[in-house]
Amino acid sequence: MHAYLDIHTHHATINPLVEAVVCLEPSQFMKGVGADCCSLSVGHHPWRVGPQSGAELATMAQILQDKRVVAVGEIGLDKLCEADFLQQQELFKAQLRMAACVQKPVIVHCVKAWDELLSILSLIDNLPPVVVHGFRGKPQLAHQLVCHGAYLSFGAHFNAQTLADLPVGSFFLETDDDKDADIANLYSQVAELKGVSVEVLKSAIRKLWDDLNAQCNII
């Protein structure tokens, strides 16, 4: 029996049936947050661009060498937040280059900046696999992202038509920052939508995660 893989969450779990990739800011990691977690993603969120960004970015190279850090993120672009958008783009590019150096998958946050996202991704050499988290968009946008090599992760507020159009084994599931979310319930909903068993869905998502990591190892 496979564990439920929660590809992106801000809350650690003690449930042995769930494997969670817990997302932290660099400052949280340095303070020891998540010390008991087996799988972490670490990145500087676009909402928090500011004077502290440079100092925290300087610690990223060290943090990304930690074996518990299995992904870089969440990082990205957000046109609806107050943070300067040009600074967001520069911080995003810097962290993508770090991800390329360490060859770990990237968890991306993107709001209303899809053209800029695709443009920046195309600039980075040896870019490891990119997962757009919390995707709620329509099938047309999903198709565009997938055609550019990105993977999608869905939370509780997914677009049913978008998920219906994607084959099992091509997407991830997550609980994000909802501490009351139940990853097992999300798997059940999506399994029903896709017409497969929960075990088939769990196995397919696990295989996709393993495949992404294998891609990183051979680039």
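## The largest pocket

What kinds of residues make up the lining of the largest pocket? In this predicted model, that lining divides into ten nonpolar, eleven polar and eight charged residues. The lining has 29 residues, and lying nearest the pocket's centre are His109, His133, Arg136, Asp176 and Asp177. The space inside comes to about 720 Å³.

Where in the chain do these residues come from? Two elements give two or more residues to the lining: β2 (18-24) and β5 (106-111). The largest share comes from β5, with three residues.

## The second largest pocket

Next in line is a pocket with a volume of about 210 Å³. Its lining has 15 residues, and those nearest the centre are Asp6, Thr13, Thr175, Ala181 and Ile183. The elements that give two or more residues here are β1, β2 and α7. Sort the lining by class and you get six nonpolar, five polar and four charged residues.

Let's pick out Thr175 for a moment. You'll find Thr175 in the loop between β8 (171-173) and α7. Is Thr175 buried or exposed? Its relative accessibility is 11%, so Thr175 counts as buried; the cut-off for that label is under 20%. Now look for Asp165, ten residues away from Thr175 along the chain: the C-alpha atoms of these two are separated by 21 Å.

## Tyr4 and its partners

A pair of aromatic rings is described by two things: the distance of the centres and the angle of the planes. Searching the whole structure turns up five aromatic pairs. Take Tyr4 and Tyr187: why is this pair called edge-to-face? The ring centres are 5.1 Å apart and the planes sit at 80°, so the pair gets that name, given that edge-to-face starts at over 60 degrees. This pair links distant parts of the chain, with Tyr4 in strand β1 (residues 4-9) and Tyr187 in helix α7 (residues 183-194), 183 residues apart.

Both rings belong to buried residues: Tyr4 has a relative accessibility of 15%, while Tyr187 has a relative accessible area of 0%. Tyr4 has another neighbour to look for, too. Lys202 lies over the face of Tyr4, at 4.2 Å from the ring centre.

## A cluster of rings

Phe135 and Phe154 form another edge-to-face pair, 6.0 Å from centre to centre and with 85° between the planes. Phe135 is in the loop between β6 (130-132) and α5 (139-147), and Phe154 is in strand β7 (residues 151-154), so the pair ties together parts that are 19 residues apart in sequence. Both of these phenylalanines are buried.

Follow the ring pairs and you can trace a cluster: Trp114, Phe135, Phe154 and Phe171 are linked this way.

## Cysteines without a bond

A disulfide is a covalent bond between the sulfur atoms of two cysteines. How many disulfides does a search of the whole structure find? Zero.

Why doesn't Cys38 have a bond to Cys37? Cys37 holds the closest cysteine sulfur to that of Cys38, but the two are 7.6 Å apart, so they are too far for a bond; a disulfide needs the sulfur atoms within 2.5 Å. Cys38 is exposed, with a relative accessible area of 68%. Cys81 tells a similar story: the closest cysteine sulfur is in Cys110, 11 Å away, and that is too far for a bond.

How values were computed
Residues numbered from 1 in each chain as written. Predicted model: local features only at pLDDT ≥ 70, side-chain atom pairs only at ≥ 80, totals over all residues. Heavy atoms only, no water. Phe/Tyr/Trp six-rings, centres within 6.5 Å; stacked < 30°, edge-to-face > 60°. Helix = DSSP H or I, 4+ residues; strand = E, 2+ residues; numbered from the N terminus. Buried < 20%, exposed > 50% of the residue type's maximum accessible area, 1.4 Å probe, protein only. Lys NZ or Arg CZ within 6 Å of the ring centre and 35° of its normal. 1 Å grid on protein atoms, 1.4 Å probe; cavity = no way out; pocket = protein on both sides within 12 Å on 5 of 7 lines; lining within 4 Å. Points joined across faces, edges and corners; volume = space filled by probe spheres on them. Nonpolar A, V, L, I, M, F, W, Y, C, P; charged D, E, K, R; others polar.
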